Every structure is written in C-alpha cells, then in structure tokens.
Amino acid sequence: MLLLAVLRDLGPYAWFIVGALFLIAEVVLPGINLIWFGAAASATGLAALAWPPAFGSGLGWEGQMVAFIGFAAVSVIGARFLAARRFDDGADRVNRDLTAYVGRELVLAEPIVAGHGRAHWGDSLWRVTGPDLPAGERVRVVGVDGATLRVEPVHAVLGEARTA
C-alpha cells in the first residue's frame with residue numbers, strides 16, 4: 001500500500017521510474033526483451049504529462065493503463081517487424097528446412113568412406129552420405145535424411161543432367 005501511495009503521489013513521473021526499472025531489468029536479465037516495455041512506460045509518462053488533470057479531465061489511471069498497453073503492443077510488434085526485416089539473412093532457417101538447400105554445392109572436409117563423410121557448409125561441418133569420395137571433392141546436395149545431407153559428386157550430377 002505504501003508503494004501505491006508513493007506512485008500515486010509521483011503522478012506521471014511514476015511511469016518514468018517504471019520505465020527505468022524495465023530498462024535496468026533488460027540489462028540484468030539477458031534474453032528477455034523488456035526494453036520495449038520500458039519505452040512504453042516512458043511514453044505513457046509523457047502522455048500523462050501532456051494531459052495533466054489541471055487542464056481538462058486529465059489522463060486517469062485507467063487511461064494511463066490503456067496507453068501503456070497500447071504503447072507496449074505497438075513497440076513490441078514494431079520491434080519484431082523491424083527485426084525480422086533487418087536480420088532475415090536466412091541463417092535461422094539452416095536447421096529448419098534443409099530441403100530448401102538441395103542443389104547447393106559443398107566441399108568434402110573429410111572423405112566419404114563406407115557411405116559416410118563430412119562436408120563444409122558455411123562455418124559448420126555436416127554429415128553427408130553418398131558414394132565414396134576423397135576429401136576436397138565438390139559435391140551437390142541431392143536430398144536430406146534428417147540432419148544428414150545426401151550428396152553426389154558434382155560431375156556425376158552434371159552427367160545425369162546431360163543424359164536426362
């Protein structure tokens with residue numbers, strides 16, 4: 001009750017304190033996106049200052065809560081939209097839909113022996129299956145079995161394309 005009384009006495013400035021607490025929590029708790037709620041609380045404080053009770057009906061606590069929820073929704077959705085556009089480099093799809101990468105060429109990092117080997121893809125090594133081939137051979141992804149790429153030598157794929 002004492003905290004509520006202090007916040008009520010602070011008026012719109014309480015939102016700035018709440019915003020600062022969200023920003024501190026953002027720094028202390030990595031992985032939780034609280035910065036947008038801090039920005040929404042600060043925006044709510046500005047809105048409450050813009051409509052003080054002395055100049056009309058003012059922005060009561062109900063209006064302040066609605067403003068906070070609105071600002072928070074807009075900031076979170078806007079940040080997600082901007083982040084998706086800015087950081088959509090396809091790196092997050094590497095492990096989700098490997099079939100989209102059928103047809104890419106890789107270089108064998110380790111020879112394929114008894115049908116199993118490893119190939120470089122970006123900065124990672126991937127398990128590959130295919131005909132026995134030496135390390136350094138260029139291969140093409142022709143299919144996916146779970147997290148294992150089925151490959152064939154590039155010259156074999158080209159030969160099939162010519163005969164098809």
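These notebook entries record what I looked up in a predicted model.

**Entry 1: helix α3**

I began with helix α3, which covers residues 35-50. I compared its length with expectation: 16 residues at 1.5 Å a residue should span 22 Å, and the end C-alpha atoms are indeed 22 Å apart, so the two values agree. I then listed the buried residues of α3 and found G38, A40, A41, T44, G45, A47 and A48. What covers these buried residues? I noted that the cover includes α2 (13-28) and α4.

**Entry 2: G63 and its distance to T44**

I next turned to α4, residues 61-86, where G63 is placed. Is G63 buried or exposed? Its relative accessibility is 24%, and buried means under 20% while exposed means over 50%, so I entered G63 as partly exposed. I also looked up the separation of G63 from T44: their C-alpha atoms are 9.4 Å apart, with the two positions 19 residues apart along the chain counted as their offset. T44 is among the buried residues of α3.

**Entry 3: aromatic pairs**

I counted five aromatic pairs in the model. In one of them, Y13 and F16, the ring centres are 6.2 Å apart and the planes stand at 40 degrees, so I recorded the pair as tilted. Both residues belong to helix α2 and are three residues apart, about one turn of the helix. In an α-helix there are 3.6 residues a turn, so residues three or four places apart point the same way. Y13 is partly exposed at 49% relative accessibility, and F16 is partly exposed at 27%.

I then examined F22 and F68, whose ring centres lie 6.5 Å apart with planes at 15 degrees, so this pair is stacked. The pair links distant parts of the chain, since F22 lies in helix α2 and F68 in helix α4, 46 residues apart. F22 has a relative accessible area of 24% and is partly exposed, whereas F68, at 14%, is buried. I noted that F22 and F68 belong to one aromatic cluster together with W15 and F37.

**Entry 4: strand β2 and its partners**

I moved on to strand β2, residues 116-121. Which side chains of β2 point to the buried face? I found G117, A119 and W121 there, all buried, while H116, R118 and H120 point to the other face and are not buried. In a regular strand the side chains alternate between the two faces of the sheet.

I checked both partners of β2. Strand β1 (residues 105-113) runs antiparallel to β2 and is joined to it by four bridges. In this pairing V113 stands opposite H116. The two strands form a hairpin with two residues between them, and A114 in the turn has a positive phi of about 55 degrees.

On the other pairing, β2 and β3 (residues 124-129) are antiparallel over six bridges. I located H116 opposite T129 and H120 opposite L125. This hairpin also has two residues between its strands, and G122 takes a positive phi near 65 degrees.

**Entry 5: the barrel**

Finally I traced the sheet as a whole. Five strands make a closed barrel in the order β1-β2-β3-β5-β4, with mixed pairing. Neighbouring strands are turned against each other by 50 degrees on average, direction ignored.

Conventions: Residues are numbered from 1 along each chain as its sequence is written. This is a predicted model: local features need pLDDT of at least 70, side-chain atom pairs count only at pLDDT 80 or more; totals for chains, interfaces and linings use all residues. Side-chain values use heavy atoms; hydrogens and water are left out. Buried means under 20% relative accessible area, exposed over 50%, partly exposed in between (1.4 Å probe, protein chains only). The expected span of a helix is 1.5 Å times one less than its number of residues. Contact means heavy atoms within 4.5 Å. Two strands pair if DSSP finds at least two bridges between them. Axes are lines fitted to C-alpha atoms, for helices over the stretch in contact, and angles run from 0 to 180 degrees between N-to-C directions. Rings of Phe, Tyr and Trp (its six-membered ring) pair if their centres lie within 6.5 Å; planes under 30 degrees apart count as stacked, over 60 as edge-to-face and the rest as tilted.
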